[in-house]
Amino acid sequence: DVLSEVAKTALPPVGPLNLSASIASKGETLEAKRIKIDLTDEKIQATVAGSVGDLLKFKEVNADIDLRIESLDVLSEVAKTELPPLDPLNLSANIVSRGETFEAKEIKLDLAGEKIQVKIAASVRDLMTVAGINADVDINVDSLASLDAIVKQKLPKSGPVALEGNISSEGLKSPVKITTVIKSDGVKANLNGSIADIPAADGIDMTFTVEADSMQKVGRLSGLQLQGREPLKLEGRFTAAQKAYQLAGLHLQAGKLKVDGKAAFKPASEAGGRPQLSAEINVGALDLSKRQKQKQKDSSEESEPSSTSNETEAGQQESDVKERLFPGEPLPFESLRAVDVDVDITVARLTTLQVQLEDLAVGLTLDNGLLGLAPIQAKVGNGTFSGEAVLDARNTPAALSVDLHLADATFRDFGGNLDLLVDLDGKGDSVAAIMAGLNGVLEVDIQDATLKKSIMTSFGSDLLSHLNPFDKDEDKIELICAIALFNISDGMADAKHKIAAQMTDVTWFGGGEIDLKTEEIGFHFKPKARKGLGISLGSLASLVSVGGTLADPKIRLNLKDVAVKYGKYLAASATGGLSLVADLLWSKVKANTDVCAAILEHLETEEEAEQEHKE
């Protein structure tokens, strides 16, 4: 540091420094031979050995440099930036002059820490202009977490990672060409391309390929909990120019899953502006059924009560039941006003446990808080699905509008045809608030479906036995038709006398309402036998009720009603549910009446009468 004033820059307080040389004159020049510089310090040791053919003009230089630094952070003051505490660092190089230029060759950098090992073999054709750079890089780390101090952020605890590559450039203003291979346990990535301006991260044109033995291997490397054991391959091209970033030619194949697409991101052009994200994603066949089945199995095993559980544990389980289905926490609508989005997603075939969608297409747009899903369309078995949804978060409270229609849809396990109409509007700053003020209609119409006990256990034990008491031992029930019509006004979903389910042997009538503010359920249903008997649309008696809340629904018999009207069958209903000989109790009309069609016809008549009254 004694030489700082001469060097016109701050030098580190290390030393001592010893210099020796033999200097001789040759005509008008001075030649320095056997130059040797030794810097011996606890933290830095350096040796320079060489010669200078023309000392006055500093030409014909040939010098070998060896440098050892205890830890890289020792150079933080010189570098004017905080450097990580990596140690030790060994550097060697040969520097020679070629006319007016200086060439650095045989450069070797060895950062051989216990967790991070870096080796660089490089050359620089012209040191003064930093031109003609060519460097081979070899980096090995025991885990990405060991790089936390360098990148100044938390990285996952992965297995060993190795990087091999080459970096070359013709000059400071020329693009830097990069070729790298990164390897970790079961994962290999290739990165090739160029960067025109490294400090500004601009002028980037890179192609990449990632191959992995499985998604689990990728998850371990990235710190994410990823599933899937099929091999995968990801490739694409990343470019950046004038702060606009693009991902093109994206192709992912993981087992049978294929995804193609492209994406673009543009930061806000001015203060207070919004960045823009656009993408097109095309998915081939996506099968979620196996994962759903495994999740159901795991959930069933976790929820299975222990044989040693006592009343205290049962009481604890009861108290742990979720009280509310709709969360009341304010939704982060401000994030919808932070970015503009335009994304189109298509899926050739989406398979779940219950349904298979084909030619699914969803368009998603976000403009200053106005979120739109339109169009939404797909084939559902032999039917179609279409609709749109809009969430307007530009003002407070946010407004939600949903319009969906499912026509003649068929399900994998149930078969039959399903018609669904959803036309809803609501306002609020949370899910609970939106539901509490919901308005609109919800209509469900099912024809010729098959209900299986094995896939409906989550709806309550022995539910299908109650639905069809005449065939309690059967694993499935043939559902001729079912209908549910909800008129929703200010958070009150009214379905009084608008729910029916007709099976081979029995028909259920009923209805009720759901208070979406409190989430309380109030439904009552009555079964009527169809074998040799008929059914009536009037005088609905309450034999079964569904109460509780949406988060904790409860199905129970109305024993008071049974005791009053069907006293002698009280014991049977209390023990066997609805396995009563119903044909001895209820009114006899035509056995094959289509109750769903009758209800629809009745409702249409009511609507026409109401319309005439208004006119």
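Which residue does the side chain of Lys517 meet in a salt bridge? In this predicted model, the partner is Asp490, with 3.8 Å from N to O. Lys517 sits in the loop between β27 (506-515) and β28, and Asp490 in the loop between β24 and β25 (492-494), so the salt bridge ties together parts of the chain that are 27 residues apart in sequence. Both ends get some exposure: Lys517 is partly exposed at 38% relative accessibility, and Asp490 is partly exposed at 46%. Elsewhere, Asp185, Lys217 and Arg220 are joined into one network by salt bridges that share partners.

A search of the whole structure turns up 14 salt bridges. One of them pairs Arg274 with Asp340, whose closest N and O atoms are 2.8 Å apart. Here a loop is tied to a strand: Arg274 belongs to the loop between β15 (257-266) and β16 (276-287), while Asp340 belongs to strand β17 (residues 340-351), and 66 residues of sequence separate the two. Asp340 counts as buried because its relative accessibility is 14%, under the 20% cut-off. Arg274, by contrast, is partly exposed at 28%.

Arg125 and Glu170 make another salt bridge, at 3.2 Å from N to O. Strand β7 (residues 116-126) holds Arg125, and the loop between β9 (161-169) and β10 (176-184) holds Glu170, so this pair bridges parts 45 residues apart in sequence. Glu170 is exposed, with a relative accessible area of 52%, whereas Arg125 is partly exposed at 43%.

Aromatic rings pair up too, and the whole-structure search finds three such pairs. Phe58 and Phe102 form a tilted one, with 5.6 Å centre to centre and 35° between the planes. The two rings come from distant parts of the chain, 44 residues apart: Phe58 from the loop between β3 (44-54) and β4, Phe102 from strand β6 (residues 101-112). Phe58 is partly exposed at 44%, but Phe102 is buried at 12%.

Phe486 and Phe523 make an edge-to-face pair, because their planes meet at 85°, with the ring centres 6.2 Å apart. This pair links strand β24 (residues 476-489), home of Phe486, to strand β28 (residues 520-529), home of Phe523, across 37 residues. Both rings are tucked away: Phe486 is buried at 12% relative accessibility, and Phe523 is buried at 8%.

Charge also collects on the surface, where Glu42, Glu70, Asp73, Glu82, Asp87 and Glu114 gather in a negative patch. One member, Glu70, lies in the loop between β4 (59-69) and α2 (76-79). Glu70 is partly exposed, with 44% relative accessibility.

Key
Residues are numbered from 1 along each chain as its sequence is written. This is a predicted model: local features need pLDDT of at least 70, side-chain atom pairs count only at pLDDT 80 or more; totals for chains, interfaces and linings use all residues. Side-chain values use heavy atoms; hydrogens and water are left out. Patches are made of residues with over 30% relative accessible area and no salt bridge: like charges are joined within 9 Å, nonpolar side chains (Val, Leu, Ile, Met, Phe, Trp, Tyr) within 5 Å. Accessible areas come from the Shrake-Rupley method with a 1.4 Å probe; for residues, only the protein chains shown count as cover. A salt bridge is a side-chain nitrogen of Lys or Arg within 4 Å of a carboxyl oxygen of Asp or Glu. Lys and Arg count as positive and Asp and Glu as negative; His and the chain ends are not counted. The place of a charge is taken as NZ of Lys, CZ of Arg, CG of Asp or CD of Glu. Helices (H or I, at least four residues) and strands (E, at least two) are DSSP runs, numbered from the N terminus. Buried means under 20% relative accessible area, exposed over 50%, partly exposed in between (1.4 Å probe, protein chains only). Rings of Phe, Tyr and Trp (its six-membered ring) pair if their centres lie within 6.5 Å; planes under 30 degrees apart count as stacked, over 60 as edge-to-face and the rest as tilted.
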